[in-house]
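Visitor: Hello! I am new to this structure and would love a close look at one part of it.

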Amino acid sequence: MRRRIRREPARLEQIPVWNEPSLAGPGGPDGTLFADESEPGRGLAALLRGLNPEQRRAVTHGEGPLLVVAGAGTGKTQVITRRIAWLIATRRARPSEILALTFTDKAAAEMQVRVDQLVPYGYADAAISTFHAFGDRMIREFALELGRAPDARVLSRPEVVVFLREHLFDFELDRYRPLGDPTRFLDSLAALFSRCKDEDVSPARYLEYAERLAAHARKPAAALADRGDSATDAERDAADAALEDGLRQLELARAYGLYQDLLGRAGYLDFGDQVSLALRALRDSAAVRQEMQARFRYILVDEFQDTNRAQSELVALLAERHRNVTVVGDDDQSIYRFRGAAISNILEFRERYRQASLVVLRRNYRSLAPILDTAYRLVRHNDPDRLEVRSGIVKRLRAERARDDAPAVRLEAFATGSDEADWVAADIARRIAEGARPRDHAVLVRTNAAADSILRSLNVAGIPWRFSGTSGLYGRPEVRILLAFLRAVADLSSSTDVYALAASEVYALGGEDLTAVVNAARRRNRTLWEVIEELDRQPGLIRLAPETRAGLIRLVADLRRWVALAHGRSSGEVL
């Protein structure tokens with residue numbers, strides 16, 4: 001039997017910009033940024049080692065705005081992290097005067113780790129976070145100025161829908177609260193309110209637009225009414241459609257304003273508030289604006305192509321005083337257009353900062369030339385709505401990795417998904433027969449559901465596989481048990497959920513005994529809960545093992561207690 005060797009995690013290696021291991025003396029806490037004041041430039045060569053000329057230009061950019069157009073695999077994260085270290089090492093800014101913003105917690109954590117590797121202990125307090133985490137900290141710091149509680153709770157999207165449901169009849173809704181299904185549009189309303197905040201549209205601004213639209217639509221409707229029978233049907237239909245659209249927008253605008261008022265009264269925030277309220281604090285309070293602009297001398301933004309209007313305006317206000325803002329982005333990699341992200345943010349950056357320096361990173365260290373060339377030909381179908389066309393810059397990536405036998409990219413088309421899966425399995429089987437290992441192959445799919453047919457075909461072909469994707473939060477076994485528990489408490493007649501709870505690890509009721517109970521419920525046309533409850537009162541109805549009977553007694557007692565608790569407590573408290 002082979003013993004697996006447990007490897008120790010690799011020690012973080014620090015680039016030796018700071019040449020003394022200790023920060024005592026003139027360096028560190030009292031404000032200087034070097035352990036050795038006599039040689040402030042020592043070690044900078046090590047910090048810049050390994051960078052290509054374009055990366056070096058971006059890292060060592062001095063004062064003023066900088067736009068870095070970074071294609072995929074060009075080392076943009078390395079540029080941002082080394083620029084942060086360079087700013088500290090050259091004494092241009094203290095760590096606390098640097099703000100780096102990105103989009104995901106994972107990206108922020110990775111950036112923080114890389115910066116920690118580059119700077120010594122005591123210098124790692126640069127603010128590196130997502131837009132929403134930064135906005136949330138701002139809201140809590142300046143809660144008094146915003147008129148909000150500093151401990152306001154942030155609602156998730158499902159919680160926003162529940163909140164709207166609870167206050168449904170507080171809204172003056174006509175078109176969006178149908179009598180037959182009054183909750184039909186709640187998710188759409190939540191999405192609209194979130195998009196308004198992403199686009200930097202306040203309730204007052206939306207209401208002003210809607211009132212203007214409705215007033216404009218009423219004029220031709222009134223004019224047609226005065227004309228009487230002389231108006232054509234087409235004219236009436238056009239006027240009615242315009243008036244209906246205006247009234248619909250007016251209804252939505254009023255609902256948006258009331259939604260914000262209700263959130264404030266309840267002490268809640270939603271996801272969009274974390275940026276929009278921070279932006280409002282900067283706009284409305286000169287004191288907040290002055291303090292935040294003085295706090296951060298240098299601002300760096302990753303994935304700038306994915307910023308929406310509110311985030312872009314937030315960055316612009318923070319950088320207004322010093323104008324030392326570095327943004328890194330690539331419009332060809334934009335994935336958040338459904339949240340309002342647009343190429344216009346990059347174009348407006350160049351309009352706002354006409355003297356901004358431009359660095360284009362084109363050297364790709366990840367892929368081979370055939371992949372890059374194929375991707376470039378494909379993405380050019382987005383022309384002319386691309387930065388390369390609109391700004392006249394060259395973005396075509398050059399491969400730094402080279403292989404003489406690099407295969408060309410192949411495009412295979414299939415009539416059905418099953419045909420595609422069978423072809424993939426057959427092609428992998430052929431390669432394995434020629435000497436390749438199963439672990440040498442990877443199949444990428446867009447969604448977890450799309451992997452099902454591939455996995456079936458691999459099973460039929462006898463090819464071992466390992467699925468590295470996740471089924472999401474609601475697919476995790478423990479979450480599925482909790483959901484079954486909540487549904488069972490809400491409706492004991494739901495035999496599927498009672499069965500899932502009984503067969504779970506919590507009660508471990510399975511095998512022949514549980515099957516016998518299920519069959520008894522089916523024969524008698526009763527719910528599973530009714531049969532289990534009857535067994536609790538009359539143990540002799542079905543012959544069961546003692547441990548099964550004890551488990552059923554415990555299940556019945558627990559469900560009775562939780563159902564009683566649910567009448568006066570929320571779902572979260574019951575859980």
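At what angle do helix α20 and helix α22 pack, and how far apart are their axes?

Guide: Happy to help! This is a predicted model in which local features need pLDDT of at least 70, side-chain atom pairs count only at pLDDT 80 or more, and totals for chains, interfaces and linings use all residues. Residues are numbered from 1 along each chain as its sequence is written, and side-chain values use heavy atoms, leaving out hydrogens and water.

Helix α20 covers residues 495-503 and helix α22 covers residues 528-537; they pack at about 55°, with their axes 8 Å apart. Helices (H or I, at least four residues) and strands (E, at least two) are DSSP runs, numbered from the N terminus. Axes are lines fitted to C-alpha atoms, for helices over the stretch in contact, and angles run from 0 to 180 degrees between N-to-C directions. The two helices are therefore oblique to each other (under 35 degrees is roughly parallel, over 145 roughly antiparallel, 65 to 115 roughly perpendicular, and the rest oblique).

Who meets whom here? On the α20 side, S495, V498 and Y499 are in contact with L528, W529 and I532 of α22, where contact means heavy atoms within 4.5 Å. Sorted by class, this contact of α20 with α22 has 5 nonpolar residues, 1 polar and no charged ones. Ala, Val, Leu, Ile, Met, Phe, Trp, Tyr, Cys and Pro count as nonpolar, Asp, Glu, Lys and Arg as charged, and the others, Gly among them, as polar.

Following the chain on from α20, you come to the loop between α20 and α21 (511-523), where A508 sits. Phi of A508 is near 55°, a positive value in a residue other than glycine. A508 is exposed, with a relative accessible area of 57%.

For comparison, look at D200, in the loop between α8 (186-198) and α9 (203-227). D200 is not a glycine either, yet has a positive phi of about 60°. D200 is buried, at a relative accessible area of 17%. Buried means under 20% relative accessible area, exposed over 50%, and partly exposed in between (1.4 Å probe, protein chains only).

One more loop deserves a stop: P384 lies between α15 (369-379) and α16 (387-391). The peptide bond from D383 to P384 is cis, with omega near 5°.
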